[in-house]
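Q: Could you take me on a close look at the main nonpolar core of this protein? I would like to know what it is built from and what surrounds it.

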Amino acid sequence: MPTTEATPRPPTRTVRRSGAQQSRALIVGACLMVACVTGVVGWSLWDARQAALERAVQNAQNLTSALAHDVDRNLESYDLSLQGVIEGLKFDEVRTVSPALRDQILFDRAASAQFLGSVLVLGARGETLIDSKSLDPRSMTYEDRDYFRIQRDNDHAGLFISAPFKSRQTDEWEIALSRRLNRQDGSFAGAVVGTLKLAFFQNLFDSVDTGPNGATALFSTNQTMIIRKPYNEGEWGRSMLGSNLFRQYGASKTGSIQYRAITDGVERIAAYQQVGKFPLILTVAVARDTVYAEWRQKAEIVGAALAFTILLTVALLIFATLELRRRGLAEQAALESETRYRLLADNSSDLIVLVDLDGIRRFVSPASRTLYGYEPEEMMRSDMFGAAHPDDQPLLAAAVEQLRVGAESAVVELRARRKAGDYIWVESHMRLVLDPLSGEARILGLVRDVSRRHAIEQAVRESERQFRTLTDSVSDLIIRSTPTGERRYVSPSCRIVLGYEPHDLVDAPRGSFTHPLDRDHFEQRMAAIVAGDEDKVITSRAIRRDGAVIWLEARMSLVHDTGTGALVEIVSVIRDISQHKAIEERLERARLEAEKASRLKSEFLANMSHEIRTPMNGIIGMTGLLLGTPLDSDQRRYADAVRISADALLSVINDILDLSKLEAGKLTLEIVPFGFAAIVADCIELLAAKAADKGINLTAEVDRRARQTHSGDPTRLRQIILNLLSNAVKFTDRGFVALQVSAEADGKASRLRIRVADSGIGMDAAGKAKLFRKFEQADGSVARRFGGTGLGLAISKQLIDRMDGRIDVVSELGQGSVFTAELTLPTTDAAPSERAPLAEPQAATPGYDRPRKILVAEDNQINQLLVVTLLEEAGYLVDVAEDGLEALAAIQRGNYDLVLMDAQMPNMDGLQATRAIRDLADDRRRVPIIALTANAMAGDREHYIAAGMDDYLSKPLDAAVMLSMVQAWVAGVPS
């Protein structure tokens, strides 16, 4: 039956446009109303908040002013009392009357007020002369107190107010007020000191109500907290450096700030004011929550009302919009229902047909033009079986028979002939329906072109065939499995890799041939890969069919569904890496052996260093003592020769230890600020005499950029420069040695160049080739002529390498050499670190109230003699212990000011003895202990400090260094 084209009704655009305009107008009006109401309410709340803040600030300023006035009045009264004592002491008659009458004259009522402590008159050395609280003052000295030192060291200090402290007599917190007491000639005669209890300020602060979480505090203008409420004694006297209060105080002596407290996290609004002319700042603060509590309650009520109004407006707006939309949709529903089915049929890419049970077509949709090339009218009343490929007609007849016998639907794929005579693959979905006009049973068919799908399926089958051909020929094992691990395919190479037939492994669970000890690891890695781990490789052991254990490396590929993205398959490519693993194990064993050899070498060097340094300590130390005695010229020359030889041997030992630390990676470079000018000056000073003896012109130059402060390791840079200069002076007989340090800017760093040039013997290409090797010099004859171990340049090169730098040499035999080291170091604004000069040995007795007593724990007789002699010559009393047990017993018997403890001793070593001393129950366990040891490897100092020792001296001992350290610890001010 021919089809007729449907004539669609024009859409009711006017109605839709009118409804949309009404909706938009309604929305815009509602939004404008809400915005206006919100703006007015917001402005009102902001204005109320500002008013609450201004009231809080004004109240805090009023309280601050009242408290500051009270504090100022009381401090002024107390200061006048101190000045009255000073004026009274100017009259000699006051000193001659009885103490009781003298106190009545000097001390007025202010000195005996409730919160005032004693008024003391101190002498020039801080001793107590007069005490307002006692006619017979105790003998005490206040020389160490800041309120005494300030008056002693400043002619015009005026009234000084100290930081808070706990009284030695009453254990109460106080501050001290002091004024200077002068003699008639203006020289310092002492000080008048009075104390004021912090309870005075507590009494004032408690009288002020600052509300919940409020705070009242008093600070010194030197940025120190004196007292603060809420009271916490741990804060009193704490530095407030960097506080916002003092930054604002610098701009205005009175004002207000807002801040969050570090101690309790509370946000407060504070007013501050200087207390009269005194260096004190008083603050009163109220919590922000308290200030805004009433405003916040009002804001919550107004906000709730506003939110309710907005929600009500939105609800009405939504209701109105929906109603307008409903009306518009209802107006279109009739028109759309008239054309819906016709549009489906006319525009569907699938062909819709209505067929009699005998195969005659009664309706054909316009899609026939695209699918078959026919007009719908051409296909009407034609036989559908005639268009099917002869080989596929039985399939179509079987599908129709299914519908006749009661099947609900039927689907068939077949080839159909187009108008041009070619065949295409189609899929027909058929259903039995009743024709509403005739009431007859007919077949409703939906026919779709599936030629492309068939082509894809054919390509997939071909790809599958090629894949199987490939997997059957490769040596790697290929497995395809489901996401849960069941194997779908196993390549034939499993016979070579595992000894199994493919059918033995198909459908078996994942991990069936994995070694039992590696199954958990395999499953964990598999889960990580499925979860998205980028590393898709799993290495594990497997058990072959013959029982042999092999190593496998599996590379996983995840196959996802292109539509849903779901994981559908896992492809594993597995390779036998047993031989590779065996090589890795051999390499690992070789690495462990190398590390063991390096460790044994370090231990050997540490032991050798200890064994050599112990006698070296005796040689150098006793030679030093010998040179300090009266000697004739020959004896002094011989002793100097011994000292020079010992120093040379010690230098060789130190070079070997440095090399060992570098090779073991245990040498740590420090990063501190330093200046190259000081390093160069030190090196030139050390070599100037030797260069002058040889008639060599030794010069040094440091350019302007290099003189800036840099960050690095000045000790190791000094060692590098000294090595280069020492070699240049050693191998130069005449002419010059020149050192130049230059730098170029590199951002916030400098590219530094250290250049040492000389006019010495130079070297050939063979000599340069082995120049930086350990224990080698450019020529054996040079080694015999000039001496040396050949370690200096090797160490210098390794140090420069550690600093990410480089060192080169340019030299010709007989023409001198130029060594150039280049490295990059950051610049810094910090001040260069200063090396503390070694103190000259001083007598121990002056400045002490008794001779200081030192215990020396040392088992070596020569070292005992050396240390005891040095200490006794310095004025100390010395006892000797042969081992750790004797040292512990000596500490338990008597009191010592210091212990010098050897590390290695029989019966009980120094570390054990130190731990035992630190475990004592009384104060003897706090005695300072300095380690005396021949161990000088990296980490030794930290090892001894961790054991409880306080400091560290390595042998051979330097007398000046030892006595300087001893003096510092005995005096209680260690460096």
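A: Happy to! A nonpolar core here is a set of buried Ala, Val, Leu, Ile, Met, Phe, Trp, Tyr and Cys residues joined through side-chain atoms within 4.5 Å, where buried means under 20% relative accessible area. Please keep in mind that this is a predicted model.

With that in hand, the largest nonpolar core has 41 residues, and Leu 177, Leu 196, Phe 201 and Leu 218 are those with the most contacts inside it. Two or more residues each are given to this core by helix H1 (13-89), S1, S5, S6, helix H5 (199-206), strand S8 (224-229) and strand S11 (280-287). H1 supplies the largest share, nine residues. As a general background, nonpolar side chains in soluble globular proteins tend to be buried together.

Phe 201 makes a good place to zoom in. Setting aside neighbours within four places in sequence, Phe 201 is in contact with Val 71, Ile 175, Leu 196, Leu 218 and Ile 227. Apart from this core lies another one, of 39 residues, with Val 680, Leu 698, Val 702 and Ile 720 among them.

Some of the strands that contribute to the largest core also turn up around a short stretch worth visiting, helix H4. This helix spans residues 146-153, and its buried residues are Tyr 147, Phe 148 and Gln 151. Viewed down the axis of H4, they fall within an arc of 100 degrees, so they line one face of the helix. Their cover includes strand S1 (116-122), strand S3 (160-161), strand S4 (165-166), strand S5 (173-182) and strand S6 (188-197).

For a contrast, follow the chain to helix H8 (residues 293-347), where Leu 316 lies. Leu 316 has 54% relative accessibility, so it counts as exposed. Together with Phe 308 and Leu 312, Leu 316 forms a nonpolar patch on the surface, with about 330 Å² of accessible area in total.

Ser 428, in strand S15 (residues 423-434), is a polar counterpoint of another kind: at 10% relative accessibility, Ser 428 counts as buried. Beyond residues up to four places away in sequence, Ser 428 touches Ala 410, Val 411, Val 412, Leu 446 and Val 447.

Finally, the wider setting. The chain has 27 helices and 33 strands, and 41% of its 975 residues count as buried. Among contacts with a separation of 6 or more, 57% come from residues 24 or more positions apart. About 53,000 Å² of the chain is exposed, with carbon and sulfur atoms supplying 54% of that area.

Note on methods:
Residues numbered from 1 in each chain as written. Predicted model: local features only at pLDDT ≥ 70, side-chain atom pairs only at ≥ 80, totals over all residues. Heavy atoms only, no water. Buried < 20%, exposed > 50% of the residue type's maximum accessible area, 1.4 Å probe, protein only. Helix = DSSP H or I, 4+ residues; strand = E, 2+ residues; numbered from the N terminus. Arc of directions from axis to C-beta. Contact = heavy atoms within 4.5 Å. Patch = residues over 30% accessible without salt bridge, like charges linked within 9 Å, V, L, I, M, F, W, Y side chains within 5 Å. Areas by Shrake-Rupley, 256 points an atom, 1.4 Å probe, with all protein chains shown as cover. Salt bridge = Lys/Arg side-chain N within 4 Å of Asp/Glu carboxyl O.
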